[in-house]
Each structure stands twice: as structure tokens, then as C-alpha cells.
Amino acid sequence: MQKTKIQTLLFTFLLWSISNSAFAQTKQFTISGYIKDAKNGEELIGASVAVPSLKTGASTNAYGFFSLTLPQGSYDLEISYIGYSVQKRNIVLNQNIKLNLELTESKKELKELVISTDKVNNDNVESNKMSVIKIDIKQVKKIPILLGEVDIIKAIQLLPGIQSAGDGSSNFIVRGGNIDHNLVLLDEAVVYNPSHVLGFFSTFNGDAVKDFEIYKGGIPSQYGGRLASVLDVRMKDGNAKHLGVSGGIGLLSSRLTVEAPIIKDKSSFLISGRRSYFDLFFPISSELKDVTAYFGDLNIKLNYTLGEKDKLYLSGYFGRDDLGFAKTFGFGWGNKTGTLRWNHVFSDKLFVNTSLVYSRYNYNFDINISDNLNFTRENYIDDLNLKVDGNYFASAKSSFKFGIKANSYVFMPGSIKGITQASIVSAQSLPKKKAMEQDFYASHSYKFNSRISAEYGARVSVFSNVGEGRSINYVNGNPTFVENGFIKQSAFDPSNQYTNYSKGEFYNTYSGFEPRLNITYLLDASSSVKASYNRMFQYMHLIQNITASTGQEFWTPSDNYIKPQKADQVALGYFRNFMDNKIEFSIEGYYKKMSNTLELRDGADIQFNEAIEAQVVAGQGRAYGAELFIRKQTGKTTGWIGYTLSKSERQADYINKNQWYSFRFDKTNYLTVVVNHQFTNRMSLSGNFIYSTGEAFTQASQRYSILGGAQPSIYYGARNNARFPAYHRADVSLTLGRKKKPGKTYKNDSEWVFSIYNVYGRKNAYTLSYDTLDNVPVVYKWYLFTYVPSVTYNFKF
């Protein structure tokens with residue numbers, strides 16, 4: 001009996017050894033290459049290469065590159081991308097294969113029944129991503145937006161968990177975060193203020209954008225530096241096939257894009273410009289004739305294929321806003337970015353990108369009363385970084401991402417100088433602040449079996465303050481002290497007001513370990529459960545005392561007194577597709593805990609003040625909620641429904657009596673509906689509806705006079721103790737166009753877009769003011785818009 005057991009065990013071990021040996025000896029080869037748009041040569045990001053027989057596949061990275069390693073054999077491949085015809089290829093894999101593919105947009109004739117060849121993938125269910133939403137730029141162009149501008153930020157504000165920071169504003173709030181908790185990237189460069197004209201337009205020209213993705217949670221380890229979200233925007237590379245010109249003429253602004261090959265299929269360029277001209281109409285009005293208000297921006301990109309394994313990209317963005325009155329008062333702000341990238345394919349499995357990136361944001365405030373009484377005040381941030389990112393595609397089940405980045409920052413909190421030589425205002429400036437940051441990250445995506453897959457990794461960040469510079473010494477070693485329950489600024493140490501640091505001296509360092517985890521469990525072919533966790537550190541902070549994006553703001557680094565902000569977020573979700581993946585459904589719950597959040601203390605003075613650390617208080621925050629999302633991306637009728645139920649709170653010592661209070665942008669309910677219907681190839685109708693709980697604000701509770709003073713004072717109650725009325729509006733747009741066809745006399749695509757923002761004229765409250773009328777206290781509710789009609793003519797040839 002014992003002998004039989006031993007023989008059985010030996011036989012089993014032998015079979016196991018043989019099977020594993022056979023598996024080990026099975027030769028494997030790699031298919032790799034690029035997937036592009038056949039019409040213009042643009043790389044397609046996130047295109048799918050599937051092997052149905054093995055139920056496996058790969059997706060293209062941010063540069064259109066894919067790599068898939070399989071056992072030797074014959075396979076049928078399915079290459080797909082949303083809105084494009086599926087391409088099928090049979091390959092005999094007995095050696096490594098280079099496979100560069102081009103996909104064509106699917107053509108749908110709506111007047112007759114046509115079998116569509118485009119395919120909707122199952123990424124919503126199967127991918128290791130959650131809290132991530134991607135919208136095709138073509139769909140964004142159909143959404144009715146304020147003043148008819150194509151705006152990706154206004155589009156993402158219609159998604160669950162993402163809310164506008166004000167009526168018509170481009171600033172956005174994600175899962176209880178603040179305005180500065182969002183990392184906004186354009187070709188890897190940080191855009192520190194992504195808005196134009198008080199926030200009514202974003203910096204992103206839709207004609208220059210190829211792809212974008214918004215992460216609300218489960219943020220991959222290659223991203224860091226902000227607590228709440230990542231908006232990653234990629235510019236078009238430029239048409240590598242032929243000359244293309246497109247643009248649009250609107251009521252208040254126009255845009256023009258030119259793209260063409262320098263060397264066909266090898267090198268191309270793109271130039272895209274936009275300029276408002278509503279200031280040209282101001283002289284017509286006697287009330288506005290002295291007002292100056294305009295914005296302009298320019299996108300430029302060049303690319304060159306050096307060889308089969310190397311490609312260079314050079315891109316830049318330049319944007320500027322100027323607002324003023326009668327040439328006596330004005331302010332302006334602008335962003336500049338530049339990115340130089342080198343792609344190199346080291347092998348069929350290893351792809352590396354090296355980038356040199358520069359970003360600058362500056363703001364100026366001007367007073368010009370007379371020839372000798374004038375000045376301009378400016379602040380800015382310079383950001384220069386060098387980074388290396390790698391992708392290693394080990395097998396169909398396993399892939400790695402890794403990278404390193406070094407940042408150099410220069411913060412100028414403020415400088416003043418005369419505009420003219422005769423100005424009596426003497427030049428002065430606050431000390432510059434400098435910092436260095438190093439980031440290291442690595443992650444591994446692995447498919448354990450047919451049901452379970454995960455992506456796990458970590459990011460290590462190190463942030464240091466660097467001289468030349470100085471820090472203030474306070475009498476009690478703390479920038480603030482408490483008196484009668486109120487926070488006040490401490491006095492400088494009279495014996496030693498400043499500690500000075502020499503050039504290049506590292507005098508303060510913070511570090512952070514940021515684990516990341518995404519897990520997917522497939523319940524069946526059309527549904528899954530996902531979970532995620534991420535920790536984020538933020539070492540720089542936006543200081544502002546207003547919410548409208550007028551540029552009256554500046555960035556400051558963490559230092560001896562201001563600690564880095566930190567957030568931990570967990571999320572759990574259920575994902576399901578219906579009707580052969582035509583309809584996506586998801587519901588997610590999340591909880592986020594934030595520490596060292598910055599709150600302005602009561603009575604804070606941030607105007608040209610070096611002691612900024614004495615104007616803020618470190619606090620904590622928490623946000624939690626549930627998000628529902630239903631989307632349809634194919635057919636005549638497309639769109640989505642999003643609903644968010646959430647709560648966001650803050651707490652800081654000696655603010656609101658140390659009690660938790662609602663964050664200003666806390667909105668319990670947030671509902672959005674977006675619908676587009678394509679009647680014919682020439683006509684479509686779009687609409688969207690938004691409903692949300694009103695924003696929180698601090699309400700005045702008493703009005704009193706001191707010793708019979710003529711000017712009464714107002715006493716405010718608990719912080720954010722009241723709510724504006726509920727916000728809701730509906731927008732509609734009608735598109736009438738024509739498409740060029742062979743044999744026709746016209747040779748270009750063109751369309752007219754007629755839209756109405758806030759179609760039923762809802763007067764949504766923007767702010768409140770207090771006054772007296774016949775010695776009776778009154779409260780005025782201010783609003784920005786009722787209905788706003790617009791018309792835009794778009795063309796392309």
C-alpha cells in the first residue's frame with residue numbers, strides 16, 4: 001500500500017515535470033509595433049490588439065506602441081479602437097514580428113441599414129482601471145458649451161465626481177478636493193492655471209487635442225504631486241499624410257489650425273491658434289469703451305521619425321489673458337509650456353521615453369494713474385524637469401512600468417516696479433523660493449488567472465527647499481499664536497529675524513512613500529468588481545482668497561512651516577456592460593482622508609506678504625460618496641447619465657470653533673444628463689442637463705453698530721453654515737453640416753453650430769452681498785448668466 005502511494009506520487013511528479021518542461025520549452029515570440037489613424041498618421045492611444053482564441057491581448061501606450069508575447073503558433077488578431085473599423089489579421093508566429101497597422105474611421109450611412117464594422121471593447125469591465133473616464137474628442141465637440149467653445153474641461157464637469165467651481169468656470173473639483181488638488185498636464189507639462197477670461201474658457205483648444213483621460217482615483221504610480229485627480233491631455237502630432245486646415249468662427253472668438261507633413265509619413269507639424277475679439281466691440285458701448293479684455297493661445301508641435309526605433313517630439317503652448325479698465329487698472333496671467341521627447345524602442349518588449357519639460361505660470365497686476373504714479377506687480381512659478389519613463393512588456397500576462405523624474409522649481413511670490421521711468425514707485429521684491437524634487441516609481445500589471453488581475457506599485461517622492469533664500473524666525477518658533485480664540489501672526493524674532501541660506505544649500509527636506517493598488521475580479525464576461533487604493537503627496541500649494549480665476553493667486557512650496565498635504569483614498573466598484581458592450585454601467589463608492597490641508601485664517605493678509613506661513617492654518621479633510629455612471633457610445637443616440645451622492649468636510653484648529661464644517665464645494669447631490677442624436681449625416685441635436693445641491697457659504701447672522709456708528713458691521717456665523725439655492729440648467733445645440741464627397745463641387749467639410757446655454761434662463765446664484773435699503777438690511781443675490789445663445793461656423797479641408 002505504501003509502495004503504491006509512493007509510485008503514485010512519483011508518477012504525478014513525473015507528469016508535472018514533463019508538462020512544465022514542455023511548457024518551458026514552448027517557444028514564445030513577440031508581436032510589436034504602432035497603431036495609427038490611416039487618414040492622418042496620428043498614433044492611437046489605447047487601441048486594442050486582441051487574440052480571441054487565447055482570451056488575451058494588449059493595448060497601445062501613450063505613443064501608440066504595443067507589444068504582445070505569445071507561444072509559437074497561428075493566430076487571428078482583432079485590432080480595434082472606438083469609432084474605427086475592426087481590422088482582422090492572421091499571423092503565423094514563428095519569429096518576432098514587427099506589425100505597424102493603420103485603422104480607418106467607421107462609416108455609417110443612416111438612411112439605410114448597414115452592418116457596422118466598428119467594435120466597442122470591454123475595457124470598462126476587464127481593465128485594471130477604475131475611477132477613470134475617457135471621452136472621445138469627437139464626442140466632446142458635440143456637447144453644448146458656454147459661448148459655443150469646444151472645451152474638454154467643461155465636458156469632464158459633466159461626469160460623476162467632477163464638479164464646476166462656479167457657474168461657467170473652468171476650475172473643477174474632484175471628490176472633495178480643492179482647485180489646486182488637480183494635476184493638469186499638456187504633453188507632460190504642468191498647466192498651473194488652465195483657464196481663460198475669469199475661468200469661462202479653458203486653455204485647451206479642442207482642435208489641437210488628440211486624446212485626454214481623467215483619473216479620479218486608482219491613480220497609477222507614474223503620476224504624483226496632487227491630491228485629487230490627474231487630467232492628462234495629449235496634443236495632436238500633426239497630419240503626416242497631407243495638408244489639413246481647420247478652424248471655427250464664433251461670436252466672441254475664432255481659431256485656426258494648420259497641420260501638414262514635412263516629410264510624408266516621417267515628419268509633420270501642427271500650429272493651432274485661438275484669439276478672442278469681444279474687446280473689439282467694446283468701443284461701440286459707451287459703458288464698455290474703456291474696457292480691455294481678451295485672451296489668446298497658441299499650440300505648436302513638431303515630430304520626426306529618426307528610424308524604426310527612434311522618434312522625436314517637440315511641442316509648446318503659449319497662452320495669455322489681459323483684463324483692464326481705462327488703461328489705469330488691469331491684470332493678466334499666462335501659461336507657457338515646452339516639451340521635448342525622445343521615444344526609443346530598445347527591444348520588442350522594452351519601450352522608453354525621455355522628456356525635458358518646462359512650464360511657467362505668471363500673473364501681473366497693474367496700476368497706471370499718471371506718468372509718475374504707476375506700477376506693475378508680478379508673481380510667477382518656473383518648473384523645469386527631466387524624466388525617463390519605461391514600459392517593459394514581459395508577457396501577455398505581465399508588464400512593468402518604471403521611471404524617474406527630477407524637478408527644479410523657482411517661486412517668485414511678488415515683485416513691484418514702476419511701469420514708466422518717471423514712476424515714483426521704487427522697485428522691490430519678495431525673496432525667491434527654490435526647491436528640488438525627485439520622484440521614483442515602479443508598477444507591475446499581472447493577470448493571475450482568467451478572473452483576477454491587478455496593478456500594484458509605489459512612488460517615492462523627495463522634496464527639498466534649496467538656497468539661495470531665507471526663512472523667517474518668529475519669537476515663539478511658530479508663525480501664529482492664539483489670542484481670545486483667534487489666530488494671529490507672531491512677531492519676528494527681534495534678535496534674529498531671518499535665517500539665510502547660501503546658493504545650492506539644501507535646508508529642509510520632506511519625503512513620501514505612495515503605494516498604489518488596483519484589483520479587478522471578473523464575475524463573468526460582462527461584469528466585474530474592482531477595488532483601488534492610492535496615497536498622494538502634494539508639496540506645493542495655491543494661495544488665493546477668491547474662487548474666480550482672475551489670476552489673483554500664487555503658488556508656494558512646502559517649507560519649514562508649511563507641511564506637504566497628504567491624501568489616502570480607497571474605492572470599490574461594480575462594473576457591467578449590456579447589449580454586447582454598447583451600454584456601460586458602473587457604480588463606485590469611495591472614501592478619502594486628507595491631512596495638512598491649507599486654510600486661510602480669519603483676517604489673513606496675502607497681498608505682497610513674505611510671511612505667508614502666518615496667514616494659513618493646517619487642517620484636515622474627509623470626503624466620501626457614491627457615483628453612478630451609465631454611458632452609450634455607439635448608434636444614432638449616444639450620451640451618458642451621471643449621478644453623485646457625496647459629502648466633503650474640513651476641520652482646522654481655531655476655525656469654526658475647531659468643529660468640522662462643510663467644504664465650500666460640498667454638493668450632496670450632483671446629476672448630469674448628456675444626450676446626442678444624429679438624425680442624418682448633416683444634422684445632429686445635443687443637449688445636457690445639470691442639477692446640484694447649492695454650494696455652502698458663510699451666512700451673516702447679525703448686524704450691529706458700535707457706539708452709534710453710521711456704518712453698521714456684519715457678524716458672520718459658523719463657517720459655511722448655509723447653502724445657495726439648488727443649481728440647475730439645461731443647454732442645447734443644433735449642428736447643421738456638410739461632408740465633402742467625390743464629384744461634388746465643394747471640397748471641404750463645414751458645419752454651423754447653434755447653441756443656447758441655460759435654455760430656460762435659470763438665475764443661478766453666484767454670490768451674495770449685504771446692504772441696507774431705507775435703513776433695513778437687505779441681501780442681494782448675484783447671478784452671472786440667464787440664457788446665452790451662440791453660433792459658430794466650423795470648417796475643415
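The following paragraphs describe a predicted model through its sheet pairing, its aromatic contacts and its cavities. Local features require pLDDT of at least 70 and side-chain atom pairs count only at pLDDT 80 or more, while totals for chains, interfaces and linings use all residues. Residues are numbered from 1 along each chain as its sequence is written, and side-chain values use heavy atoms, with hydrogens and water left out.

One open sheet has five strands in the order β9-β16-β17-β12-β13, with mixed pairing. Its edges are β9 (132-134) and β13 (189-190), each with a single partner strand, so one side of each lacks a neighbour in the sheet. Here strands (E, at least two residues) are DSSP runs numbered from the N terminus, and two strands pair if DSSP finds at least two bridges between them. Within the sheet, β12 (residues 182-186) and β17 (residues 229-235) pair in the parallel sense over five bridges. Val233 in β17 is the bridge partner of Leu186.

The aromatic side chains offer a second view. A pair of aromatic rings is described by the distance of the centres and the angle of the planes. Rings of Phe, Tyr and Trp (its six-membered ring) pair if their centres lie within 6.5 Å; planes under 30 degrees apart count as stacked, over 60 as edge-to-face and the rest as tilted. The structure holds 31 aromatic pairs. In one of them, the ring centres of Tyr392 and Phe400 are 6.4 Å apart and the planes stand at 40°, so the pair is tilted. Tyr34, Tyr63, Phe65, Tyr313, Phe351 and Phe393 form one aromatic cluster.

Charged side chains also meet rings. A charge sits over a ring if NZ of Lys or CZ of Arg is within 6 Å of the ring centre and within 35 degrees of the ring normal. Lys530 lies over the face of Phe575, 4.6 Å from the ring centre; the charged end of Arg650 sits over the ring of Phe663, at 3.9 Å from its centre.

Empty space remains to be considered. A cavity is a set of points, on a 1 Å grid over the protein atoms alone, where a 1.4 Å probe fits but cannot get out; lining residues have an atom within 4 Å of a point. There are 12 cavities of 30 Å³ or more, and the largest has a volume of about 370 Å³, the space filled by probe spheres set on the points. Its lining comprises 32 residues, of which Ser164, Gly166, Asp167, Lys667 and Tyr727 lie nearest the centre. At least two lining residues come from each of β10 (162-164), β44 (683-692), β49 (727-738) and β51 (765-773).

Key
1 Å grid on protein atoms, 1.4 Å probe; cavity = no way out; pocket = protein on both sides within 12 Å on 5 of 7 lines; lining within 4 Å. Helix = DSSP H or I, 4+ residues; strand = E, 2+ residues; numbered from the N terminus.
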